[in-house]
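Please look through the structure shown here with the following walk-through at hand. The text goes from single loop residues to strands, then to rings, charges and cysteines, and ends with the whole chain.

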Amino acid sequence: MLSMTSDLIFFRGTVRYASVHAHLGRIGSRRDDLESLAYTLVFLLRGRLPWQGYQGENKGFLVCKKKMCTSPESLCSFCPQPFKEFVEYVVNLKFDEEPNYAKCISLFDSIVGPNPDIRPINTDGAQKLIHQVGQKRGRISLEGETDEQPKKKIRMGMPATQWISVYNARRPMKQRYHYNVADSRLVQHIDKGNEDGLFISCISSCANLWALIMDAGTGFSSQVYELSPHFLHKEWIMDQWDRNYYITALAGANNGSSLVVMSKGTLYTQQSYKVSDTFPFKWINKKWRDGFYVTSMATAGNKWAIVMSRNAGFSEQVVELDFLYPSEGVHKRWDSGYRITAVAATWDQTALILSVPRRKPTDETQETLRTSAFPSQHVKEKWSKNLYLASVCYGRTVS
């Protein structure tokens, strides 16, 4: 994952040996030192690491991705068993977890062997001197709907499909959802919603079918939309901008098509968007400096589309981009007053936009779910608690 803020742009450290969390821009702790040590030990034994050889501007990104996709078994395939056990242990430590140094040292006893000339290392005093930092945060299981931390969660794994849905506390209102909607059925659902006083608030796509969320709390006065075989139809969007419509929701399908929704009645005064083969952080950072904030985003295959707007109602904004649902980053941001305002995912990445609203909401409750199927039953349960769907996306990440 790359965690990005306006004051955190460049990675600092040695790319070859850095922990994954260091690549992600997160505050370091003891687990990161041990992960770096693990990579160093494997390098000294084997003479090479699997992520060596990348060049160019995206080197750090490619190295981070390779590290997350390389299992301990693969990394230590030509190393004695203790090396694999050490790597498995350190990459699954939590942020403020106190490492069991005695255990780490004992793992290598079988290959070091007894030596009367080596003085035993007493780790008790060292452990007492190490202060715990931060607040304990675990990784969220992708397939479950709880925040329980598995006893042993291996970071590297096989891709898994998932829906990510975000719920905000709102005053009681009417909300409606449709999913597995074919292109030919869009008009029917949207027209019926409009007749009932509902406008589209967010959309997503799965297997070239659409998911629509419509509600009565958007504040929009009118809305238009276009289904295009291309990933964002520039001419149509510019024509709607001339009519004072602004992009309020968009989604892309695996076949490259897109559904773009533009509305009147927003607070926006200007918009800009970018379509890119990789997540365009440099462009986002430049727009942040110009007073724009991310208000919508979508993916089509591995392409990204980011929409940024002036007068978006935010005072601060950050991005969490990960190969997993970035639970640790999200919990940390929630504690600092940020709330998720947009989500999107490709087949191997998940991006969340977290923002601080200028006007503090009366109820700041926000919840998320990760589910293998569209969370239709969960949505109804959330409604009973006055929690309403605010963002939804579908993508594949590493489990």
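Asn311 lies in the loop between strand S11 (303-310) and S12. In this predicted model, the phi of Asn311 is near 60 degrees, a positive value in a residue other than glycine. Most residues other than glycine have a negative phi. With a relative accessibility of 44%, Asn311 counts as partly exposed. Ala207 also has a positive phi, of about 55 degrees, although it is not a glycine. Ala207 is found in the loop between strand S4 (199-206) and strand S5 (209-215). At 52% relative accessibility, Ala207 counts as exposed, because the cut-off for that class is over 50%.

From the loop that holds Asn311, the chain goes on to S12. Strand S12 covers residues 314-322 and is joined to S14 by 8 bridges, the two strands running antiparallel. Within this pairing, Glu316 stands opposite Val356 of S14. Strand S14 also pairs with strand S13 (residues 339-345), again in the antiparallel sense, over 6 bridges. Here Ala342 has Ile353 of S14 as its bridge partner. A hairpin of 4 residues joins S13 to S14. S14 therefore has S12 as one partner and S13 as another.

How many residues of strand S14 are buried? The strand spans residues 350-357, and 7 of its 8 residues are buried, which leaves S14 mostly covered. Phe279 and Ala351 are 72 residues apart in sequence, yet their C-alpha atoms are 8.7 Å apart in space. Phe279 itself is found in the loop between strand S9 (270-276) and helix H11 (281-289). Its relative accessible area is 12%, so Phe279 is buried.

The next topic is the aromatic rings. The structure holds 15 aromatic pairs. One of them is formed by Phe83 and Phe108: the ring centres are 5.3 Å apart and the planes stand at 85 degrees, so the pair is edge-to-face. Phe83 lies in helix H5 (residues 81-91), whereas Phe108 is in the loop between helix H6 (101-107) and helix H7 (109-112), so this contact ties together parts that are 25 residues apart in sequence. Both rings belong to covered residues: Phe83 counts as buried at 10% relative accessibility, and Phe108 counts as buried at 14%.

Another aromatic pair, Trp163 with Tyr394, is tilted, with 5.0 Å from centre to centre and 55 degrees between the planes. This pair links distant parts of the chain, since Trp163 sits in strand S2 (residues 159-169) and Tyr394 in strand S16 (residues 387-398), 231 residues apart. Are the two residues buried or exposed? Trp163 counts as buried at 5% relative accessibility, while Tyr394 is partly exposed, with a relative accessible area of 21%. The cut-off for buried is under 20%, so Tyr394 falls outside that class. Trp163 and Tyr394 also belong to a cluster linked by ring pairs, together with Tyr177, Tyr179, Phe374 and Trp383.

Charged side chains meet rings as well. The charged end of Lys382 sits over the ring of Tyr167, 5.7 Å from its centre. The charged end of Arg333 sits over the ring of Tyr338, at 5.9 Å from the ring centre.

The cysteines come next. How many disulfides does the model have? The count comes to 0. For Cys64, the closest cysteine sulfur is that of Cys69, 9.1 Å away, which is too far for a bond; a disulfide needs the two sulfur atoms within 2.5 Å. Cys64 counts as buried at 0% relative accessibility, whereas Cys69 counts as partly exposed at 45%.

Last comes the chain as a whole. The protein has 13 helices and 16 strands. It has 399 residues, of which 51% count as buried. Among contacts between residues at least 6 apart in sequence, 71% join residues at least 24 apart. The accessible surface comes to about 19,200 Å², and 50% of this area belongs to carbon and sulfur atoms.

Conventions
Residues numbered from 1 in each chain as written. Predicted model: local features only at pLDDT ≥ 70, side-chain atom pairs only at ≥ 80, totals over all residues. Heavy atoms only, no water. Phe/Tyr/Trp six-rings, centres within 6.5 Å; stacked < 30°, edge-to-face > 60°. Buried < 20%, exposed > 50% of the residue type's maximum accessible area, 1.4 Å probe, protein only. Lys NZ or Arg CZ within 6 Å of the ring centre and 35° of its normal. Contact = heavy atoms within 4.5 Å. Areas by Shrake-Rupley, 256 points an atom, 1.4 Å probe, with all protein chains shown as cover.
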